[in-house]
Amino acid sequence: EQPYLKDIIPLPFGINSSYIKYKAGQRKDIDFSCIFGQDHRPPLRRFVRDALVDFCKKNGFSCAVNKTATPEEFYDILARSKVGVSVSGGGFDTLRFWESLGNNCMLITERIDIFKPDDNCLDYKRIYQFNNLNDFQYQLEKVGKFLREGYDQADLEPEYHAIIERHGSKARALTVLQESERAIKTSM
């Protein structure tokens, strides 16, 4: 995590094909998914989940917030969800973030701080970032409006494929190889 030392490149988790359950054209029948392995740490997770439940009740959206019995069940829920909510646990690079993107969800997440500030590699229309609980509620309103007025799963497919290509396991492995080659060349 930041601040990065000179010549250190961030290498976040990325998307692992083992948890992708989404299939092209799959019906997305759950509006929001907000499931954490632990929701008491950090406290923001509990506050975000509670705010989401209230929002969904008031606005007629569906949401999945209960812990699942197995990872497989969790990934099936994500594959059916239009929006995934991510709150970091121990750092800004949280697996929930990548699991949501890997299952073609829109994403509401804390402010992204896993790449260098001038790197725009996570500038996608589907990612909504927040700084605090009030900002989360603001982003939730924006996403809710989009779900009601402009959501079309087919429109999100091209961006989804770009995300998989740029942030999947293959891309991460290629980054390591390219940086290794660069380091070898500069040390000669």
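The following conversation asks how the labels used for this predicted model were reached.

Reader: Before we start, what makes a feature of this model count?

Author: The model is predicted, and local features need pLDDT of at least 70, side-chain atom pairs count only at pLDDT 80 or more, while totals for chains, interfaces and linings use all residues. Residues are numbered from 1 along each chain as its sequence is written, and side-chain values use heavy atoms, with hydrogens and water left out.

Reader: Thanks! Why are K21 and E72 called a salt bridge?

Author: A salt bridge is a side-chain nitrogen of Lys or Arg within 4 Å of a carboxyl oxygen of Asp or Glu. The side chains of K21 and E72 meet at 3.1 Å, N to O, so the pair fits that definition. The pair links distant parts of the chain, 51 residues apart: K21 is in the segment before β1 (30-33), and E72 is in helix α2 (residues 71-80). Those element names come from DSSP runs numbered from the N terminus, with helices being H or I of at least four residues and strands E of at least two.

Reader: Why are K21 and E72 described as partly exposed?

Author: Buried means under 20% relative accessible area, exposed means over 50%, and partly exposed is in between, using a 1.4 Å probe and protein chains only. K21 has a relative accessible area of 23% and E72 has 42%, so both are partly exposed.

Reader: How do you know that R80 and D29 form a salt bridge?

Author: Their side chains meet at 2.9 Å, N to O, which puts the pair inside the salt-bridge cut-off. This pair also links distant parts of the chain, with R80 in helix α2 and D29 in the segment before β1, 51 residues apart. R80, at 33% relative accessibility, counts as partly exposed, and D29, at 32%, is partly exposed too. There is a further partner here: R27, D29 and R80 are linked in a network of salt bridges.

Reader: What makes R49 buried but D50 partly exposed?

Author: R49 has 16% relative accessibility, so R49 counts as buried. D50 has a relative accessible area of 35% and is therefore partly exposed. The two side chains meet in a salt bridge at 3.2 Å, N to O. A search of the whole structure finds eight salt bridges.

Reader: How do you know that E157 has no salt bridge?

Author: For charge, Lys and Arg count as positive and Asp and Glu as negative, while His and the chain ends are not counted. The nearest side chain of opposite charge to E157 is R126, 7.2 Å away, so E157 has no partner that meets the salt-bridge cut-off. E157 is nonetheless buried, and it lies in helix α5 (residues 153-167).

Reader: What is E157 in contact with, then?

Author: Contact means heavy atoms within 4.5 Å. Leaving aside neighbours within four places in sequence, E157 is in contact with Y22, A24, G25 and N104.

Reader: Why is N104 called buried, and what is notable about its phi?

Author: N104 has 0% relative accessibility, so N104 counts as buried. Its phi is near 60 degrees, a positive value in a residue other than glycine. N104 lies in the loop between α3 and β4 (106-110).

Reader: Why is Y160 called buried?

Author: Its relative accessible area is 6%, so Y160 is buried. Y160 is found in helix α5. Beyond neighbours within four places in sequence, its contacts include I20, Y22, N104 and R126.

Reader: What makes the largest pocket a pocket, and which residues line it?

Author: On a 1 Å grid over the protein atoms alone, a pocket is an open set of points where a 1.4 Å probe fits, with protein on both sides within 12 Å along at least five of seven lines, and lining residues have an atom within 4 Å of a point. The largest pocket is lined by 13 residues, of which P10, F115, D119, C121 and T175 lie nearest its centre. The elements giving two or more residues to that lining are α5 and α6 (169-187), and α6 gives the most, with three.
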